[in-house]
Amino acid sequence: MSDHYKFINTPLPYAYDALEPYIDELTMHLHHDRHLQAYTDKLNELLADYPQLHDMSPEQLIRYSGRLPSEIAVPVSRNAGGVYNHRFYFNAMSPQPQRSPSEPLAKAIRRAFGGLNGFKERFKDAALSVFGSGYAWLAADSRGRLFIVPTVNQQTPLTRELIPIVNIDVWEHAYYLKHYNERGKYIDDWFNVMDWKRAGELYAQSPRRPAPRQ
Ligand SMILES: [Fe+2]
């Protein structure tokens, strides 16, 4: 599938009701069909008159936003972020998730957070700490070290030279219909559908270069 202009709203990899009872069907419809659709449409609209950008993926548009034509740089990076972040979020969940990380990600989680429970605690704190709209991410650096990174609005860890492994959308549209204003309960439910298989694949593909000798 092509991943450049003209972008399409890629379908969910599972049914809209597949994440019930943790994430409800109506929220998934609105989130995918309206919110992600709007970012996709806006990105296409912004890029329509810039054929030199038509072979770039959302990730490339985010990474190279500093080199985009100045009149569209900010809205393109915001909307490319909206597309990238939402696809990442939807793909990070599964109705039949792997419940815990495999090696080598499990080892990196033990090293960074003391284990899965330590990770969950720190990740939940980070997701709760996002003021207003944004995401919490598990991301790796080029040596395979793990970091928990909160981001606001549609920013991503890509611009910090980090490799995204997992994200959770904590914009209110991700949970308000079911969880109202209780973001913590949504995060607890989300842990039941986040898929460690996909996270492990992304981590295994990341560079993980050894630290240089002193
Ligand atoms: Fe969202």
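Analyst: Four donors count as tetrahedral if all angles between them lie between 85 and 135 degrees. Please keep in mind that this is a predicted model.

User: What makes the site of the iron ion tetrahedral?

Analyst: The angles among its 4 donor atoms run from 87 to 128 degrees, and since the accepted range is 85 to 135 degrees, the site therefore meets the criterion.

User: Which residues coordinate the iron ion, and how do you know that they count as donors?

Analyst: The iron ion is coordinated by NE2 of His31, NE2 of His86, OD of Asp169 and NE2 of His173, at 1.9 to 2.2 Å. A donor must be an N, O or S atom within 2.8 Å of the metal, so these atoms qualify. Along the sequence, the donor residues follow the spacing H-x54-H-x82-D-x3-H. Histidine 86 lies in helix α3, whereas histidine 173 sits in the loop between β3 and α6, so the pair ties together parts that are 87 residues apart in sequence.

User: Why is histidine 86 called buried?

Analyst: Its relative accessible area is 0%, and because buried means under 20%, histidine 86 falls in that class.

User: Where is arginine 87 placed, and is it buried or exposed?

Analyst: Arginine 87 belongs to helix α3, residues 70-91, and with 15% relative accessibility it lies under the 20% limit, so it counts as buried. Not counting residues up to four places away in sequence, arginine 87 touches Asp3, Phe7, Ile8, Thr10, Leu36 and Pro58.

User: What makes the approach of arginine 87 to isoleucine 8 a polar contact?

Analyst: A polar atom of the arginine 87 side chain lies 3.3 Å from the backbone oxygen of isoleucine 8, and the pair is therefore inside the 3.5 Å cut-off.

User: How do α1 and α3 pack, and which residues make the contact?

Analyst: Helix α1, residues 25-47, packs with α3 at an angle of about 145 degrees, their axes being 9 Å apart, and the crossing is left-handed. The residues in contact include His31 and Leu36 of α1, and His86 and Arg87 of α3.

User: Which residues of helix α8 are buried, and what do they pack against?

Analyst: In helix α8, residues 196-205, the buried residues are Trp196, Arg198, Ala199, Gly200 and Tyr203, and these pack against α3, α4, α5, β1, β2 and β3. At the start of α8, a side-chain oxygen of aspartate 195 comes within 3.1 Å of the backbone nitrogen of lysine 197, and this pair therefore also satisfies the 3.5 Å cut-off for a polar contact.

Note on methods: Residues are numbered from 1 along each chain as its sequence is written. This is a predicted model: local features need pLDDT of at least 70, side-chain atom pairs count only at pLDDT 80 or more; totals for chains, interfaces and linings use all residues. Side-chain values use heavy atoms; hydrogens and water are left out. Helices (H or I, at least four residues) and strands (E, at least two) are DSSP runs, numbered from the N terminus. Buried means under 20% relative accessible area, exposed over 50%, partly exposed in between (1.4 Å probe, protein chains only). A polar contact is a pair of N or O atoms within 3.5 Å; within protein, one must be able to donate a hydrogen and the other to accept it, and residues adjacent in sequence count only if both atoms are side-chain atoms. Contact means heavy atoms within 4.5 Å. Donors are N, O and S atoms within 2.8 Å of the metal (3.2 Å for Na, K and Ca); water is not among the atoms, so sites may look incomplete. Four donors count as tetrahedral if all angles lie between 85 and 135 degrees; four count as square planar and six as octahedral if opposite donors are over 155 degrees apart and all others between 65 and 115; anything else is irregular. Axes are lines fitted to C-alpha atoms, for helices over the stretch in contact, and angles run from 0 to 180 degrees between N-to-C directions. A crossing is left-handed if the near helix is turned anticlockwise from the far one by less than a right angle, and right-handed if clockwise.
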